[in-house]
Amino acid sequence: MKQEYMDILKDKCDGKNLEKLEALKNEKVFEFVAKYVKLCNPASIFVRTDSEEDAAYLRGKTLENAEEKTLKTEGHSVHFDGYYDQARDKSNTKYLLRPDEVLGSDIRSEDRVKGLKEIHTLLENMMAGKEMYVCFFCLGPTGSKFSIPAVQITDSSYVAHSEDLLYRSGYEEFRKNENTERFFRFVHSAGALKNGVSSDVYNRRVYIDLEKEMVFSTNTQYAGNTVGLKKLSMRLAIKRASEEGWLTEHMFVMGVNGNDGKRVTYFTGSFPSACGKTATAMLEDEKIIGDDIAYLREIDGKIRAVNVERGIFGIIQNVSEKSDPEIFEALTSPGEVIFSNVLVDSDNNPRWLGDGRAEPERGVNFSGEWTNGKKGPDDNEVFFSHKNARYTIKLKNLKNCDENLENPEGVEIGGVIYGGRDSDTSVPALQSFDWEHGILSQAAAIESETTSATLGAEGVRKFNLMANLDFLSIPIGRYIQNNLDIVKNAEKIPLIFHVNYFLKGEDKEYLNGIKDKHVWLKWMELRVAGEADAIKTPTGYIPKYEDLKVLFKQVLDKEYSKEEYEEQFKLRIRENIAKIERIKAIYQKKVFDTPAILIKTLNDQKKRLEDCQNANGDYVSPFVLENTQD
Ligand code: SPV
Ligand code: MN
C-alpha cells in the first residue's frame, strides 16, 4: 500500500481491519477508501470480509447504534427511517454531467463540477465520531460473466446489514482478482442523526457520477436512497450495459412450472413500484429467483438473465396469509428479517397495513409513539404502518427459492412480461406479435396510475417505459434501441407479454381477483411451450376462453364464466387509441432520440384499431374477434 494511503488509514484502522484491507492487494481500493476516510473523518473503520463473524459484528452494531431494535421473533429486527425519509427522493437524485452530455428532459441532472463540489463539501467530517463500514459485494452471482464487483462505504450499520441480506459478499472475489480496477463505488453517510434517524433532510442528496461509476448519498437512510447496490448501482449498470451490449432491467426473474412439474419456463417481468411485481415473482408453488433487478445477456443465441441481488426489499403492505402465503410464512417465522417503517405493538411484534389481522390501536412507528388518529408534524394523518413499509430478507429463506439463484450462467428466458396499473385500457393478459412489437407498443408505452401511496392526486397516469424511467442513465431512445438490439443475434427470442392486474368495470370495482395473475402466468407458460392457441387482435394475441376456463379450474379451482371472460378481454378501442396518442405525444415532444420505428409501430397499431372500430364499434367482444380471424 502506498505510504500516503497508509498514513491516512493507520490512525483510524486497527491492525486487524488494516490487515483485511491490505490482503486485497488492490491499490484502487486503497486509494478509494483512503480518500473518503480523509474527507469524512470517521472515528474508526470496519472492513467487512465474507465471514460470518463480520456479519454478526454488523448485526450487533445495528443494535448498539439503535439503527435497529430486536423484535419478539428470533432473528427479526425493526428499523425506522425519518418521518420525511420514507421513499426514494427523486427530486434530489441527479446525474452529474459535463456540459456536452445530454440525457433528456425527463432525467434529472446537475453540472458535474458543481455537483461534485457540493457533495464533497457536504461529506466533509460527516462521519466524525462514527464508525465507517467498508463492504465488498458482487452484483450478480459470484464467478459469473454477468457480475460486477462493488465497494460500499457507509456510516450506517443498517445499510451495511441490509446489503448483507440483499447481495452476495464480494471480499473473496476481490481477493482472488487482485487487479480488479473497475468496480462500482458507493459513499453514503446518514449525516446528523436525531433519535437514530437522519435529521438534515434539506441536505439529502443522491448524486451519480457516471464517469467514475460512483454514487454519493447523504442525509438519508431509506434503502432506495442509500443501499448503493440497489437502485444506485442500477443506474450505473444501465450505462455500462449500454456500452457493452447487454441490458440492466427493473425486472423480477422467476420460473413457472409447466407440464405437471416436468418443465420450468423462466420469465422476467417489469412493473412500476406497487403494481404487483414482487407478488408475481413470489407466486405460490412457482420458483422465485429475484424480484427487482436483472442483468440480461444474449449468450449462444439465447437470452439469459441473473438476479443482481440475493434478497428482497419488498413492500409489506397487503402481505397476508391469504394473499401471499409464501412470504407471510417467512415473515412470521424465526430467521433473519429486517422490518422497516412498520408498527411495533405492545408484544414487540411487527404490524403492517393489510396484514389480515385486527388493526392495532397503539404502538411505536416511524412517527414515534402512535395511537389511532395521530397527526404527523405535517398535520397529515399517520397510518399505523407506512404504505411504503418494507421487509428485507434473503431469498434462500423462502421455500419457493429456485435452485438456479446462484447459477453463474443465469437462466434462459422464455418470456418477458410488462405491466402497469391501468383501470380502463388493456386486457388482463396479452402477447405481442413479436419482440419489436412488444418492446415498442408495450414496454416503451408503460403507463401506471398513481396510488395514494405516492404524493399528489390519485389515478393520474404516469409514463414509465419498461418501469425503468427513474433509473435511466442514458437517453431514452438509445435505451429503447438497446432493448430492440439485444435479440439481434438470438436464435430463440423470448415472447413478450403485457399484463394488467388493475382493470376495473363500470362500477369501479376490479374485474379480476388478486390471484388471477397466476392463471395468466400459466397461460404464458403454455404459449412459450407452444401448447396454447390464441386470438389475434389489433393489439396482440389474447387467450382463448376454453384455455382459461381449464386453467382457472386447475390453478384456482374456480369456475370461470364466459361473461367474466368477455368483460375482461373485450377490446376497448377508444381507450387504446387515446393511449397511443398520449404515448406518441411524449415521444414526439419530450424525447429527443425516439427511434423512428417506434412512431411507425404505434401508427400501425392505431390503424388496426380504427379498422376494427369501423367494423365493430368502440368495444369489441373477444368472441367477435375470434370469429373474424383471418
Ligand atoms: C422500487 O421502488 O421499485 C423498489 C424499492 O424496488 S426502492 O429500493 O426504493 O427502489
Ligand atoms: Mn424496484
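A cavity, as I use the word here, is a set of grid points where a 1.4 Å probe fits but cannot get out. With that settled, I opened the notebook on this model, which is a predicted one.

**Entry 1: the enclosed spaces**

I began by counting cavities of 30 Å³ or more, and the structure holds five.

I went to the largest cavity first and noted a volume of about 190 Å³. Its lining is made by 18 residues, and those nearest the centre are Ser426, Ser441, Thr539, Asn576 and Gln605. Next I looked up which elements take part: α12 (435–442), β34 (571–572), α17 (573–589) and α18 (596–616) each bring at least two residues to the lining of the largest cavity. Helix α17 gives the most, with four residues. By class, I wrote down seven nonpolar, eight polar and three charged residues for this lining.

Then I turned to the second largest cavity, which encloses about 80 Å³ of space. I found 14 residues around it, with Arg421, Asp422, Ser426, Glu447 and Lys579 closest to its centre. I was pleased to meet Ser426 again, since it is also among the residues nearest the centre of the largest cavity. Both β29 (447–449) and α17 supply at least two residues to the lining of the second largest cavity. Strand β29 has the largest share there, three residues. The lining of this second cavity divides into one nonpolar, six polar and seven charged residues.

**Entry 2: an open pocket**

I moved on to the second largest pocket and recorded a volume of about 540 Å³. Of its 24 lining residues, Gly82, Lys194, Asn195, Val197 and Phe366 come closest to the centre. Strands β3 (76–79), β11 (197–198) and β24 (362–365) each contribute at least two residues to the lining of this pocket. I also checked the domains: domain 1 (3–67 + 89–244) and domain 3 (313–397) each give at least three residues to the pocket lining. My tally by class reads 10 nonpolar, nine polar and five charged.

**Entry 3: the manganese ion**

Which protein atoms are the donors of the manganese ion (ligand 2)? I found Lys231 (NZ), His250 (NE2) and Asp292 (OD), lying 2.2 to 2.3 Å from the ion. Along the sequence, I noted the spacing of these donor residues as K-x18-H-x41-D. Lys231 sits in helix α9 (residues 228–244), while His250, 19 residues apart from it, is in the loop between β14 (247–249) and β15 (252–258), and the pair links distant parts of the chain. I looked up the exposure of these two as well: Lys231 and His250 are buried.

**Entry 4: a leucine in α9**

While in helix α9, I stopped at Leu229, which has its place there. Leu229 has a relative accessible area of 0%, so I put it down as buried. I also took its separation from Gly15, 214 residues apart along the chain: the two C-alpha atoms are 28 Å from each other.

**Entry 5: an asparagine in a loop**

Last, I visited Asn26, in the loop between α2 (15–22) and α3 (27–40). Is Asn26 buried or exposed? I have it as buried, because its relative accessibility is 2%, and the cut-off for buried is under 20%. I then searched for a partner and found the backbone oxygen of Thr180 at 2.8 Å from a polar atom of the Asn26 side chain.

Methods:
Residues numbered from 1 in each chain as written. Chains lettered and ligands numbered in written order. Predicted model: local features only at pLDDT ≥ 70, side-chain atom pairs only at ≥ 80, totals over all residues. Heavy atoms only, no water. Donors = N, O, S within 2.8 Å, 3.2 Å for Na, K, Ca; no water. Buried < 20%, exposed > 50% of the residue type's maximum accessible area, 1.4 Å probe, protein only. 1 Å grid on protein atoms, 1.4 Å probe; cavity = no way out; pocket = protein on both sides within 12 Å on 5 of 7 lines; lining within 4 Å. Points joined across faces, edges and corners; volume = space filled by probe spheres on them. Nonpolar A, V, L, I, M, F, W, Y, C, P; charged D, E, K, R; others polar. Domains from an automatic or database assignment. Polar contact = N/O pair within 3.5 Å; in protein donor to acceptor, adjacent residues only side chain to side chain.
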